[in-house]
Amino acid sequence: MNGTPRTLFEKIWDAHIVSQAEGAPAILYIDLQLVHEVTSPQAFTELRNRGIKVRRPDRTVATVDHSIPTYDRSLPIMDALAAKQLEQMYANARDFNIRIYDRLSDKQGIVHVIGPELGLTQPGMTIVCGDSHTSTHGAFGTLAFGIGTSEVAMVLATQTLLQRKPKTMNVRVTGALGQGVTAKDIILALIAKIGVDGGTGHVIEYSGSAIRAQTMEGRMTICNMSIEGGARAGMIAPDDVTFSYIAGREFAPKGADWDAAVARWKQLPTDDGAQYDAVVELDANALEPMITYGNNPGMGIPITARVPDPDAIGDVHQKAALHKALQYMDLQPGRSLIGHPVNVVFIGSCTNSRIGDLRLAANVMKGKRVAPNVRVMVVPGSQQVKRQAEQEGLDKIFREAGAEWREAGCSMCIAMNGDQLAPGEYSISTSNRNFEGRQGKGGRTFLASPMTAAATAIHGVVTDPRTVLS
Amino acid sequence: MEPIKSFTGKTVALPNTDVDTDQIIPARYLKVTDKKGLGEVVFYDWRYDADGNPNPDFLLNKPHAAGATILVAGHNFGCGSSREHAPWALQGFGFQAIVSTQFADIFRNNSLKNGLLPIVVDKATHEQLLDLAVEDPDLQLEVDLETQTLTLPDGRRVEFPIDSFSKECLLNGVDELGYLLRQTSAIEEYEKRNNK
């Protein structure tokens, strides 16, 4: 475009503008909407009330993940409300002619796991879902963001959304990660640095050597938690790692279409000289495994650091927030979390439930036993991830260590399905939110990487994964 | 959506920063297929103890909170999940406007779509409002969307920002889905032009 350098975000944004009236938000075309059972029922009701159809069923894909049990799929669902919600999802998919991967499908899984693994998620796309972790798909060089149910209805009905152009933020992660430090630690360190409101109004583009060195799974983990820093979306420019992940997947382009697609995707990365509204730098060499101590994902520290002291904080509201968090978590300032007992270890969620995550955890747990009195749940992100892990024998490693090997779903990340903490219990969790009660009313969550969670499972207390790596 | 022009409302304050939508409505109350009854579970885990008894210290259980329509909330209100159940639940309780120094993006969008007015004020005004709400349990604020002003009890008028499109939609009760449906020919043309 006249040689004006543009960012990855701007290229995708520009290519999806249907129209832009003076003073009004842009009408943005959406290439793919992913749908799940929790945030869509009222949207379908809206369509029924107006007597309208889904405009593009071929650009709409549904699954069930949030409220489904992760126990044996042959057993019935005991929660009547959850069962009703699932039936409603199936009825909506049937009535509106939408493809659905239901509870018994061998391709069912967490919506942000199955989109990429089916090859539905492709560079340059706009993708939405009634789920804030839709930012995950940005790892493929897409503009992907979470929306509310009113907007779900708008996209179902028109395949478009009214959107104001967000600002851009470049997060440059230079250097290389040390042993035992992973993608999860990059994103937890970033959120600790910018805060849970640091990205508000922005789309983050991650770049730098430590990002390029990540697998697609690591990149998804990073983009996934962009929302926890307040950002609208997170993105990473596509490269050969991206293309080889997509190649051959069910919905990926094939033959000549593939070649044309790759040629198109190679035009997406940010042009030299393009400007961002904000730039944040992070040095990967200096990162340690991260862990959270409080009730938002910004309350995180390197695992060898000490819990901060509220009295050292000047801002009265921040001070009050930290006081409240430490009271809820029953933690003392100035202490290390290393050695703190946990009751539950949860390895799963749209942040860390992919095959690469399970391999990292299995590598730590191989040939070992989990600590007595600690419940360890491993919940694969999808049925395909589950099968792959079983082919590799990871399920055996987990089971022999004394961990539970579950069916795919969101599970204890959101604790809607019966998988939950009891009041006062501590978990170390590979999920994305440590909010009060997130994993069960009164439950206390430490967020960390799959390696840190697995090392903690072995010892029953918070453990630096670097101490258990051979 | 009902048009909003101006209203005067009883105002209460919840100063906590970074209130996430899991606090506004815990996930276990999302197993619904409609919007009914959500006002009863708004802030459930802060409002009720483990046995379901009201926590007398929590704002919404205090007698003066009955009938409140304006909530002065802490910075970065509504962060976290995209659940639109959060504004539905706040409206179910009776709130018509939330005042803060900043809202999380998705919560803000969801609120505007439902006619729950997110009002952003500067830090000094915010502090003043938090203090006023403590001093005066019967604090009333006047909101005028047309002039984008919030009027304090001392008569001071504070302007608040809102984009012109959202303002028009709220003032006239414009249905955004209806607006988009009227763009069908432009959408068809876009699809044809881009081979979608």
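**Salt bridges, contacts and cavities in a two-chain model**

Author: The side chains of Arg55(A) and Glu191(B) form a salt bridge, with 2.5 Å from N to O. This is a predicted model, in which local features need pLDDT of at least 70, side-chain atom pairs count only at pLDDT 80 or more, and totals for chains, interfaces and linings use all residues. Side-chain values use heavy atoms, without hydrogens and water.

Reader: Why is the pair Arg55(A) and Glu191(B) called a salt bridge?

Author: The term requires a side-chain nitrogen of Lys or Arg within 4 Å of a carboxyl oxygen of Asp or Glu. Arg55(A) and Glu191(B) are placed at 2.5 Å, N to O, so the pair satisfies that rule. Between chain B and chain A the count is 10 salt bridges.

Reader: How do you know which residues of chain B are in contact with chain A?

Author: Contact means heavy atoms within 4.5 Å. By that rule, 61 residues of chain B are in contact with 65 residues of chain A. The side of chain B that touches chain A divides into 20 nonpolar, 19 polar and 22 charged residues. Here Ala, Val, Leu, Ile, Met, Phe, Trp, Tyr, Cys and Pro count as nonpolar, Asp, Glu, Lys and Arg as charged, and the others, Gly among them, as polar.

Reader: What makes up the area buried between chain B and chain A?

Author: Buried area is the accessible area (1.4 Å probe) that two parts lose on being put together, summed over both. For chain B and chain A the value is about 5100 Å², and carbon and sulfur atoms give 55% of it. Lys31(B), Thr33(B) and Leu177(B) supply 15% of the area that chain B buries against chain A, more than any other three residues.

Reader: Why is an empty space in the model called a cavity?

Author: On a 1 Å grid over the protein atoms alone, a cavity is a set of points where a 1.4 Å probe fits but cannot get out; lining residues have an atom within 4 Å of a point. Grid points are joined across faces, edges and corners, and a volume is the space filled by probe spheres set on the points. The search finds three cavities of 30 Å³ or more, and the largest has a volume of about 210 Å³.

Reader: Which residues line the largest cavity?

Author: There are 24, of which His66(A), Asp131(A), His133(A), Ile414(A) and Arg438(A) lie nearest its centre. By class, this lining has eight nonpolar, 11 polar and five charged residues.

Conventions
Residues numbered from 1 in each chain as written. Chains lettered and ligands numbered in written order. 1 Å grid on protein atoms, 1.4 Å probe; cavity = no way out; pocket = protein on both sides within 12 Å on 5 of 7 lines; lining within 4 Å.
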